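Trainee: Before we begin, I should like to understand how the terms used for a structure are justified. May we go through them one at a time?

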Amino acid sequence: MTRKQKRLSVIGGGLFVLAVAAALVLFALQQKIAFFRMPSDIQASDVESESRFRLGGLVEKGSVVRGDGSKISFSVTDHVKSVPVTYDGILPDLFREDQGVVIEGRFMPGGAFVADSVLAKHDENYMPKEVADSLKAKGVWQGESKQ
């Protein structure tokens, strides 16, 4: 084997190892990816597939119902559609009605969205960027005016 052939085989082997490593990383991340959707973006295929994703919007006024222990149910809306959500856990301190929220979970058989985590805004001037952009695009929310 000539020097050039050895160099090409080492480079080729290195590229092969990098390609396998990249494929393994992408395969591992595929199982952890949660896509973001608004209530009006949800279709029947999302409900039936029981796939995991993030749901964002505003907590609908008058929809928060506290159950036994740490169970709570509420609706997330974008003022076009609303999705009922159940959550069993401790809510963020700033969770309240008519405020931006992003929840992560999946639809269960029967169409109930069961949340694993709930993220709420952290101060008066913040709404999750994904939620704010989507609500602005639908013409539902203009943002807070700065004085």
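Mentor: The following exchange sets several terms against their cut-offs. Please keep in mind that this is a predicted model.

Trainee: Why is Val20 called partly exposed?

Mentor: Val20, which lies in helix α1 (residues 3-30), has a relative accessible area of 38%. Buried means under 20% and exposed means over 50%; 38% falls in between, so Val20 is partly exposed.

Trainee: What makes Val20 eligible for a nonpolar surface patch?

Mentor: A patch residue needs over 30% relative accessible area, and Val20 has 38%. Together with Phe16, Val17 and Leu24, Val20 makes a nonpolar patch of about 410 Å².

Trainee: Why is Lys81 also described as partly exposed?

Mentor: The value for Lys81 is 43%, which lies between the limits of 20% and 50%, and therefore the term applies. Lys81 is found in the loop between β4 (71-77) and β5 (82-88).

Trainee: Which residues does Lys81 contact, leaving aside neighbours within four places in sequence?

Mentor: Lys81 is in contact with Pro39, Ser40, Ile42 and Val76. Ser40 is 41 residues away along the chain, yet the C-alpha atoms of Ser40 and Lys81 are separated by 5.2 Å.

Trainee: How do you know that strand β6 pairs with β2 and with β7?

Mentor: Pairing requires at least two bridges. Seven join β6 (residues 100-107) to β2 (residues 52-59), and seven join β6 to β7 (residues 113-120); the requirement is therefore met for each pair. Both pairings are antiparallel.

Trainee: What makes β6 mostly covered?

Mentor: Seven of the eight residues of β6 are buried.

Technical notes
Residues numbered from 1 in each chain as written. Predicted model: local features only at pLDDT ≥ 70, side-chain atom pairs only at ≥ 80, totals over all residues. Heavy atoms only, no water. Patch = residues over 30% accessible without salt bridge, like charges linked within 9 Å, V, L, I, M, F, W, Y side chains within 5 Å. Areas by Shrake-Rupley, 256 points an atom, 1.4 Å probe, with all protein chains shown as cover. Salt bridge = Lys/Arg side-chain N within 4 Å of Asp/Glu carboxyl O. Helix = DSSP H or I, 4+ residues; strand = E, 2+ residues; numbered from the N terminus. Buried < 20%, exposed > 50% of the residue type's maximum accessible area, 1.4 Å probe, protein only. Contact = heavy atoms within 4.5 Å.
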